[in-house]
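User: Hi! I am new to this structure and would like to understand the reasoning behind some of the words used to describe it. Could you walk me through a few of them?

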Amino acid sequence: MNNLVNIDPEIDAIIKKAYPYIKEFNPAQQAVIDSGYLESEDNYIISIPTASGKTVLGVLAALKVLQKGGKIIYAVPLKSLQNEKYKEFKRFEEFGYKVGKSPKTSDIAVMVFESFDVLTRSANQISEVDLVIIDEFHMIGDYSRGPTLECAITRVMDKNTSIRLIALSATLRNMDELASWLNAEVVTHDYRPVPLHKEVLCTEEFDTKDKNNIVYKILNDSLNESAQMLTFVATRRFTEALAKNMAKKIEKKLPDERREVYAAIAEDILDVSRRGGNQPTELCYTLAECIKCGVAFHHAGLFDRQKEIIEDEFINGNLLMITATPSLMYGVNLPSKNVIIRDYTRWTEQGSCNIPVFDFEQMAGRAGRPGFDTEGNAYLIAKSYDEAFYLNDFYIEGEIELTHSKLIDNHDAVLRQIITQVSTGNAHNVDELIEFFSKTLYGYQIQNSCGDMGYAIENSIKIEIESSLQYLIEHQIIRPTPSGLQTTPFGVLISRNNYSVKTAVRLRGVIEKMDEFKEAELIYEVASSVEIPKVNTKYRANKDNIRDVLGRNGIFIYNVTPDDSTAASLLEWINEKKEYEIENYLKVYAASTSRSSYEASSLVKFVGKICDVIGIYEYHNEIETLAARLYYGIKPELIPVVIGIKHLGRQRARKIFDIFGSDLSNVKKEQLMKIDGIGESIATNIVNYYQK
């Protein structure tokens with residue numbers, strides 16, 4: 001095979017071995033390389049279409065730095081992407097480069113934006129880094145994660161000008177403005193390995209009133225072509241309903257050899273629960289039945305392992321279709337020949353809203369599997385000709401939105417960044433805070449606004465900072481001193497954790513008002529925090545049972561919200577109810593319970609730290625106990641044995657306790673092995689633990 005064009009021979013050899021499917025660079029990649037990007041030390045924004053190989057371009061620059069003994073951070077917005085890139089980059093360890101999730105212990109550190117932000121607060125730690133590659137750079141305009149990335153970049157540019165920044169992005173409308181702020185060169189290219197066809201389909205045109213009939217037609221075509229498809233809908237309930245509908249319609253048309261493949265995947269889905277000693281939930285059985293027909297639904301109410309199975313099998317070509325909420329457009333790359341956006345709305349805190357053009361482009365960009373398809377098709381479905389004309393003008397022919405900073409819109413982000421600047425000694429007064437915020441993308445964009453309006457908006461930085469600072473002083477997070485602003489011990493605690501400022505303030509207030517420790521009250525307040533993944537109710541929630549669980553624990557509500565169903569699920573969880581029991585009783589997505597309980601356990605530990613810094617020590621044991629119960633899903637009496645014996649688990653621990661009680665010091669290994677699920681290894685560990 002010929003050498004890859006214009007690449008150092010040593011790097012060329014590594015790329016060929018790590019990415020054997022790359023025989024030559026495609027036109028977009030070659031255009032970036034020919035721009036002098038690898039020889040330059042300048043910052044760069046690289047913008048090429050989805051599936052055009054942006055990651056490899058980042059890897060080329062990384063390998064050049066690694067050859068010189070440097071360190072790289074590869075920053076991504078989501079943990080799922082972090083895990084994906086971590087696995088991908090592990091292949092470079094064959095060449096002597098350590099891959100990890102922190103630059104302290106690795107040459108290539110794959111980090112989520114939040115971890116990258118924390119790292120930038122330490123001048124010593126960030127000074128060891130030579131190159132930062134920012135994947136999904138367009139997320140800088142995202143309300144939740146954008147401000148974190150924006151401020152992390154600002155600190156790097158302000159304090160560590162020797163670090164090179166490379167931003168990998170989808171197309172951005174105001175690219176020149178972003179590049180000017182980043183002091184970066186821009187390379188764009190419109191080449192796409194698989195051409196993308198975008199079209200609006202109308203139910204009237206197909207002589208039907210049901211959008212699902214169009215989805216089925218494309219599904220049937222996909223089956224005949226041995227192709228795959230993704231369909232995006234607005235809600236979890238819609239993903240399930242559509243999957244069931246399509247599975248029923250396509251069932252009789254499946255070839256026998258595919259049925260065997262699908263049946264095996266369905267068993268894997270059910271085994272996720274069984275391997276933990278649990279009975280599959282109703283949702284697990286529904287998913288498995290759909291998968292038997294090659295159709296899966298994908299949303300946050302599934303077990304993490306089930307989502308991984310669906311993603312892996314789809315990537316390997318072993319599933320015909322996935323129905324998903326729009327959140328799937330971020331995260332693991334799932335290319336498909338056909339993509340359908342059935343619903344162009346999504347549910348937000350403000351209610352149902354139309355998706356932006358940018359999100360439509362992200363979803364449509366999933367269409368076309370490099371190496372498998374000669375073209376990709378993205379279809380948007382309308383119910384009338386009038387709607388079809390509107391959707392075509394707005395989404396197909398329209399421009400993507402301008403990327404604006406969401407820093408000031410996100411009040412908690414402003415509060416956290418003020419605390420960060422003060423706690424790290426980078427700001428001692430309001431003027432120094434204003435100076436930092438003026439260097440952010442938000443500051444850059446308002447300073448470039450026109451005329452008097454620009455001046456007026458610029459003053460909004462000062463107004464916002466002064467208002468936020470007043471809030472932080474009032475809540476004893478920051479205090480003014482003769483030598484300048486300082487963080488209190490409570491403020492230092494907040495700066496070292498990723499919980500929102502208002503969550504910390506609210507939980508401190510809860511614990512201060514308690515005249516005695518109330519376990520259920522703390523669970524309820526923790527479940528109400530934005531950081532906790534919600535255990536949402538299904539379409540037909542059992543609101544009476546949710547009220548019953550809360551009422552039995554001294555909490556009385558009227559309207560049932562996701563916070564309430566989450567609190568009720570956690571209360572059932574710590575009383576050793578299994579996921580399928582929680583699901584059946586409360587009619588919730590119980591697979592989310594373990595995820596929520598893990599986060600709730602961490603947040604309860606954070607409450608313990610709050611108690612330490614404000615001088616409330618009498619609840620220490622109760623808080624430690626509650627954190628353990630949430631983490632393991634157990635009653636108090638099982639804590640010693642579950643924590644002491646690794647991999648024992650709550651169900652086997654309960655069987656042992658019910659038979660032998662809490663004192664196992666005289667129990668023999670042979671007696672333990674008579675219990676279902678207790679093998680020789682676990683039995684030996686138990687005996688050794690109690691002998692010690």
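Analyst: Happily; what follows is a set of short questions and answers about strands, a sheet and helices in this predicted model.

User: What makes β8 and β10 edge strands?

Analyst: Let us begin with the whole sheet. This open sheet has 6 strands in the order β8-β15-β12-β9-β11-β10, with parallel pairing. β8 (196-202) and β10 each pair on one side only, and they are the edge strands. From one strand to the next, the twist averages 20°.

User: How do you know that β8 and β15 pair?

Analyst: Pairing takes at least two bridges between two strands. β8 and β15 run parallel and are joined by 7 bridges, so they count as a pair by that rule. One example is Val 200, whose bridge partner in β15 is Leu 380.

User: And which strands pair with β12?

Analyst: Strand β9 (residues 229-232) runs parallel to β12, with 4 bridges between them, and Phe 232 stands opposite Ile 341. Strand β15 (residues 376-382) also pairs with β12 in the parallel sense, over 4 bridges; here Ile 340 has Tyr 379 as its bridge partner.

User: Why are both faces of β12 called covered?

Analyst: A residue is called buried when its relative accessible area is under 20%. Asn 338 and Ile 340 on one side of β12 are buried, and so are Val 339 and Ile 341 on the other. Both faces are therefore covered.

User: What makes β4 mostly covered?

Analyst: In strand β4 (residues 108-112), 5 of its 5 residues are buried. One side holds Ile 108, Val 110 and Val 112, and the other holds Ala 109 and Met 111. As for partners, strand β2 (residues 72-76) pairs with β4 in the parallel sense over 5 bridges, with Ile 73 and Ala 109 as bridge partners. Strand β3 (residues 99-100) pairs with β4 over 2 bridges, also parallel, and Gly 100 stands opposite Ala 109.

User: How do you know that the span of helix α13 agrees with what is expected?

Analyst: At 1.5 Å a residue, its 12 residues should span 16 Å, and the end C-alpha atoms are 17 Å apart, which agrees. Residues buried in α13 include Ile 309, Ile 310 and Phe 314. The buried residues of this helix pack against several elements, among them β9, β10 and β11. Gly 317, with a positive phi near 80°, follows α13.

Note on methods:
Residues numbered from 1 in each chain as written. Predicted model: local features only at pLDDT ≥ 70, side-chain atom pairs only at ≥ 80, totals over all residues. Heavy atoms only, no water. Buried < 20%, exposed > 50% of the residue type's maximum accessible area, 1.4 Å probe, protein only. Expected span 1.5 Å × (residues − 1). Contact = heavy atoms within 4.5 Å. Axes fitted to C-alpha atoms, helices over the stretch in contact; angles between N-to-C directions.
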